[in-house]
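This briefing sets out selected features of one protein chain for the bench reader. Please consult the sequence and the model below before reading on.

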Amino acid sequence: MTALLGRAAGTRCQPPPLLLLLLRAGTHPRGFRLTHRDAARPPPAAARPLEGGGGAGAADGPEVDSKRRTEGDDGIVEVLMCRHKARNALGHVFVSQMRELVSTLSSDSAVRVVVFRSLVPRVFCAGADLKERALMNNTESDLFVHGLRSLMTQIASLPMPTVAAMDGVAVGGGLELALACDLRTAAYSAQMGLIETTRGLLPGAGGSQRLPRIVGITRAKELIFTGKCVGGQAALEMGLVNRAVEQNHTGDAAYREALSLAREILPQAPIAVRMAKEAMNSGAEVDITSAMAVERMCYARVIPTRDRQEGMAAFIEKRPPRYTGE
């Protein structure tokens, strides 16, 4: 079965990093040397853009950009989708710039929460760029979708919490991008759906696998088989989004709610939050016994940190903790 899955994916299947550690060290972490790697912090700068916004298409402005928040929100980075002419459709340039930006974020230890948002009114992401896809032959189409699937996996693998803010349409690959995030917020007026079956396709960028894990297999089958879209309230009720809010006059209510959620995460110990994410993500893919070993290994990573000592000291001294990510 593993060989079959590997051939279907076109590449050899690789288990998550922590599962590789389990295979090498056994289910008991004794004897495994745990080290903490923390990249050097970049110098502070007001709303300093991260790398990744340039590249192809820069002459017309970036299709994907970023902003590092300041003034009490240090540690929150916004990924800005701004392909206005094509409703943030997932074209070659958009995907290339998103991949470059996500790669930069993955190694930045100063980033504590990432918020994915759209600067295009009433749209989060309209999915595949069908005009580009129409010019591809079968092989090119398969390779491009494989690249989309890889991008969504790259987003899902970011070590810090991620939040998708859906203030408008999120269909096809657009919803798959949101599903790759840890948390999702939506305006009641937003429309979300995996509509690929209405175009003679099926979700190919992770949607057929992530949606069932989030809303349950029978609900996911109904949504994918029918190609139906749902609004923010229905999405909240089925667990597709974490929070849903009434849209405001500026059209960014879901973004504001996502920012509020990010601010709730921000004060927590960043290494502990990252390890909690790793424990849940890796543990969800294995049996409960192996998952407990994953949890133990993640817990071992936080024991020697200064943040753990700070948390204990703050509790004893009855004061708010001051975590530094060390």
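Does lysine 277 count as buried or exposed? At 8% relative accessibility, lysine 277 counts as buried, because the limit for that class is under 20%. The model is predicted, and the points that follow treat lysine 277, the salt bridges, two backbone angles and one pocket.

**Lysine 277 and its partner**

- Lysine 277 belongs to helix H11, which covers residues 270–283.
- The side chain of lysine 277 makes a polar contact of 2.8 Å with the side chain of aspartate 182.
- The same two residues form a salt bridge, in which the closest N and O atoms are 2.8 Å apart.
- Aspartate 182 sits in the loop between helix H6 (173–179) and strand E7 (183–187), whereas lysine 277 is in helix H11, so the salt bridge ties together parts that are 95 residues apart in sequence.
- Aspartate 182 is partly exposed, with a relative accessible area of 25%, while lysine 277 is buried at 8%.
- Leaving aside residues up to four places away in sequence, lysine 277 touches Ala156, Leu158, Pro159, Met160, Pro161, Thr162 and Asp182.

**Other salt bridges**

- The count of salt bridges in the model comes to 16.
- Arginine 243 and glutamate 257 are joined through their side chains by a salt bridge of 3.2 Å, N to O.
- This pair links distant parts of the chain, with arginine 243 in strand E10 (residues 243–245) and glutamate 257 in helix H10 (residues 253–265), 14 residues apart.
- Arginine 243 has a relative accessible area of 22% and is therefore partly exposed.
- A further salt bridge, at 2.6 Å from N to O, brings together the side chains of arginine 319 and glutamate 317.
- Arg69, Asp73, Glu78, Arg117 and Arg263 are joined into one network by salt bridges that share partners.

**Positive phi angles**

- Most residues other than glycine have a negative phi.
- Which value does phi take in asparagine 88? Phi of asparagine 88 is near 60°, a positive value in a residue other than glycine.
- Asparagine 88 lies in the loop between strand E2 (76–81) and helix H3 (92–106), and its relative accessibility of 0% makes it buried.
- Arginine 122 is not a glycine either, yet has a positive phi of about 65°.
- The loop between strand E3 (113–118) and strand E4 (123–125) holds arginine 122, and at 66% relative accessibility arginine 122 counts as exposed.

**The second largest pocket**

- The second largest pocket contains about 680 Å³ of space.
- This pocket is lined by 31 residues, of which Gly127, Ala128, Asp129, Leu130 and Arg133 are the closest to its centre.
- Which elements give two or more residues to the lining of the second largest pocket? They are helix H4 (130–133), helix H5 (138–156) and H6.
- H5 gives the most to this lining, with six residues.
- By class, the lining of the second largest pocket comprises 13 nonpolar, six polar and twelve charged residues.

Definitions and conventions:
Residues are numbered from 1 along each chain as its sequence is written. This is a predicted model: local features need pLDDT of at least 70, side-chain atom pairs count only at pLDDT 80 or more; totals for chains, interfaces and linings use all residues. Side-chain values use heavy atoms; hydrogens and water are left out. Helices (H or I, at least four residues) and strands (E, at least two) are DSSP runs, numbered from the N terminus. Buried means under 20% relative accessible area, exposed over 50%, partly exposed in between (1.4 Å probe, protein chains only). A polar contact is a pair of N or O atoms within 3.5 Å; within protein, one must be able to donate a hydrogen and the other to accept it, and residues adjacent in sequence count only if both atoms are side-chain atoms. Contact means heavy atoms within 4.5 Å. A salt bridge is a side-chain nitrogen of Lys or Arg within 4 Å of a carboxyl oxygen of Asp or Glu. On a 1 Å grid over the protein atoms alone, a cavity is a set of points where a 1.4 Å probe fits but cannot get out, and a pocket is an open set with protein on both sides within 12 Å along at least five of seven lines; lining residues have an atom within 4 Å of a point. Grid points are joined across faces, edges and corners, and a volume is the space filled by probe spheres set on the points. Ala, Val, Leu, Ile, Met, Phe, Trp, Tyr, Cys and Pro count as nonpolar, Asp, Glu, Lys and Arg as charged, and the others, Gly among them, as polar.
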